[in-house]
Every structure is written in C-alpha cells, then in structure tokens.
Amino acid sequence: MLAALMVALVAGCARQAQAVDSREHAFEGQTYRVVSIDLKREPLTLHWRDPASGQPYGDINTLRQWGEAQGRQLLFAANAGIYDHKFAPLGLYVENGKVLVPLNMAHGNPASGNFSLLPNGVFAVYPDGRAAVRTSTDFKAEGRAAQWATQSGPMLVIGGRLNDAFVGDSGSLKWRSGVCAKTPTTVVFAVSEAPVNFHTFARLFRDELGCRDALYLDGTISQFYLDGSGYAGAPAFMVKPYAGIFAVFAPR
C-alpha cells in the first residue's frame, strides 16, 4: 500500500515538472520568476467567476480551494489582464469559448492607464490548444475565435522589437508581469521580484527569454502561485482582488 502511494506521488511530481517549469532568472541585476507551461501536457485556462454561484473568485487561494472541491490540484496561477474600477476585465475576456467581455478598441489617454499605452494586445489560447500573442489590431483582423483570451496592454515586444513607447532610463518602477507564446504550445509567464521599468521588463522577454511577441499583464498587484513553493511577485500587502486568473489544474 505504501509502495503504491509512493509511486503515485512520484508520478504526480513528474507530471507537474513536465507541465509547469518554474525557475528564477537573474537579468541585469534583477530577479524574475519565470514559468514555462507545456500546453501539450496540461491545459492553461482562465477563471473569473464561480460557475455555480456567479461570484468572482477574486484571489488565487479561493480558486485553489474551488479546484480542490472539484478534485483538481492547482499547479500554477497568475492574475490575467487589466481590469476596471468595477473589477471587470477592461478588454477582451474569453472563458471556455464564451466571450464575456468584447474586444476593446477604444483607447483613452495613455497617461490614464497602461491599457491605453499603444499598441495593446491579446493573449489567446485557441480551440486546437495552440497559443499566441497578437496586437489587438492584428487579433481583430485575423477574426479567429479563441477558447481562452485576455486583452491587456501595452505590448512589450512586437515582432522582435521593443515597444517604441518605452524609455530605457525611465524612473517608473513597479512589480510587473507578462506573458508570451514562445512556441504555439509553450507559454512563458514572468513576474518581477522587485520594481522594474517597462524597458527592462520588455528586454527580459526579448533578450533573455527569446520571445518575439510579449504582452504586459499587470503591475503592482501581480503574483504567481506555484504548487509546492507558494507565491512570487508583488508582496501580499500590495495585492488587490483580481478579475481574471490564469490557472493550470491537474487531477488530484
């Protein structure tokens, strides 16, 4: 009996290691938590509201507890795109093929928020299990339905080039998180362990992680959860309720 339990535990650990790879990266004097997800092994999903109650999860721990009640183990979680003052996604939000918030092509004053610092973009996972990051304009032009998607901004890297709006010596330093699809089935998330500016964060994705297109997710409130090691990113006292949460679940 004990031997069978040990085999099951080892198999579970091996599955997690294959599906979700978490590492610390040092880049130009700063430390980042970088998580690579193999979509061929475990699906990446998005979660906003409990389907039974209609109430927002709000935080990662509530989502983790929901998963446990469904017999699922939370391997990884991260807050998704930027949201508004009503705690609803500010741009496109697609959950399991259903568009809950439409694509937002109306842009305001960039001084009023990162979403309006152009170009902004969409991270999408399609029904065939492949993922991509596109500018919002390109995503709209493609007209391709997503299975899971979040719109945020600004784009960090576009076609291998840094966003022209970024300034190398900018003093705007914040905890920052972002995402890229390094290949159609390999998604890479990164969160800073200390405040950094946009230019440095974008270069992490391009020069260190090898991403040709990368999207900023959010700033000061951003955290990652990793099963077995806890949280990375912004300190707990900075975190506020989330509108959408990325998750990788595995059967318990």
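Helices are DSSP runs of H or I with at least four residues, strands are DSSP runs of E with at least two, and both are numbered from the N terminus. The model shown in these figures is predicted.

**Figure 1. The whole protein has 4 helices and 17 strands.** The radius of gyration of the protein is 17 Å, and the globule rule gives 18 Å for 252 residues, so the protein is as compact as a globular protein of that length. The C-alpha trace spans about 60 × 40 × 35 Å along its principal axes. Of the 252 residues, 48% are buried. Among contacts with a separation of 6 or more, 68% are between residues 24 or more positions apart.

**Figure 2. Seven strands form an open sheet with antiparallel pairing.** The order of the 7 strands is β1-β2-β13-β12-β14-β10-β11. The edges are β1 (20-27) and β11 (161-162), each of which pairs on one side only. At the β11 edge, the partner strand is β10 (residues 155-158), and the two pair in the antiparallel sense over 2 bridges. In this pairing, Val157 stands opposite Leu162 of β11. Leu162 is also one of the residues in contact with Arg203, a residue of helix α4.

**Figure 3. Helix α4 is mostly covered, with 8 of its 11 residues buried.** The helix runs over residues 198-208. Its buried residues are Phe198, His199, Thr200, Phe201, Ala202, Arg203, Leu204 and Phe205. Asn197 caps the N-terminal end of α4, with a side-chain oxygen 3.2 Å from the backbone nitrogen of His199. After the helix comes Gly210, which has a positive phi, near 75°.

**Figure 4. Arg203 is a buried residue of helix α4.** The relative accessible area of Arg203 is 14%; the limit for a buried residue is under 20%, so Arg203 counts as buried. The side chain of Arg203 makes a polar contact of 3.0 Å with the side chain of His199. His199 is also among the buried residues of α4, and its backbone nitrogen is the atom that faces the capping oxygen of Asn197. If neighbours within four places in sequence are left aside, Arg203 is in contact with Phe27, Glu28, Leu162 and Glu208.

**Figure 5. Cys180 and Cys211 form a disulfide.** A disulfide is a covalent bond between the sulfur atoms of two cysteines. The structure holds 1 disulfide. In the pair Cys180 and Cys211, the sulfur atoms are 2.1 Å apart. The pair links distant parts of the chain, 31 residues apart: Cys180 is in strand β12 (residues 177-183), and Cys211 is in the loop between α4 and β14 (214-218). Cys180 is buried, with a relative accessible area of 0%. Cys211 also counts as buried, at 3% relative accessibility.

**Figure 6. Arg64 and Glu68 form a salt bridge within helix α2.** The N to O distance between their side chains is 2.8 Å. Because they are 4 residues apart in helix α2 (residues 60-69), Arg64 and Glu68 are separated by about one helical turn. Glu68 is partly exposed, at 38% relative accessibility.

**Figure 7. Arg144 and Asp128 form a salt bridge between two loops.** The closest N and O atoms of the pair are 3.3 Å apart. Arg144 is in the loop between α3 (136-142) and β9 (148-152), and Asp128 is in the loop between β7 (121-125) and β8 (131-135), so the salt bridge ties together parts that are 16 residues apart in sequence. Arg144 counts as partly exposed, at 39% relative accessibility. Asp128 is partly exposed too, at 46%.

**Figure 8. Further salt bridges include the pair Asp21 and Arg23.** The side chains of Asp21 and Arg23 meet with an N to O distance of 2.9 Å. Asp21 is partly exposed, at 28% relative accessibility. Elsewhere, a network of salt bridges links Asp38, Lys40 and Arg41. A search of the whole structure finds 10 salt bridges.

**Figure 9. Phe237 is an exposed loop residue.** Phe237 lies in the loop between β16 (230-233) and β17 (245-251). The relative accessible area of Phe237 is 69%; the limit for an exposed residue is over 50%, so Phe237 counts as exposed. Phe237 and Ile221 are 16 residues apart in sequence, and their C-alpha atoms are 8.9 Å apart in space.

Technical notes
Residues are numbered from 1 along each chain as its sequence is written. This is a predicted model: local features need pLDDT of at least 70, side-chain atom pairs count only at pLDDT 80 or more; totals for chains, interfaces and linings use all residues. Side-chain values use heavy atoms; hydrogens and water are left out. Buried means under 20% relative accessible area, exposed over 50%, partly exposed in between (1.4 Å probe, protein chains only). A polar contact is a pair of N or O atoms within 3.5 Å; within protein, one must be able to donate a hydrogen and the other to accept it, and residues adjacent in sequence count only if both atoms are side-chain atoms. Contact means heavy atoms within 4.5 Å. Two strands pair if DSSP finds at least two bridges between them. A disulfide is a pair of cysteine sulfur atoms within 2.5 Å. A salt bridge is a side-chain nitrogen of Lys or Arg within 4 Å of a carboxyl oxygen of Asp or Glu. The radius of gyration is taken over C-alpha atoms; the globule rule is 2.2 Å times the number of residues to the power 0.38.
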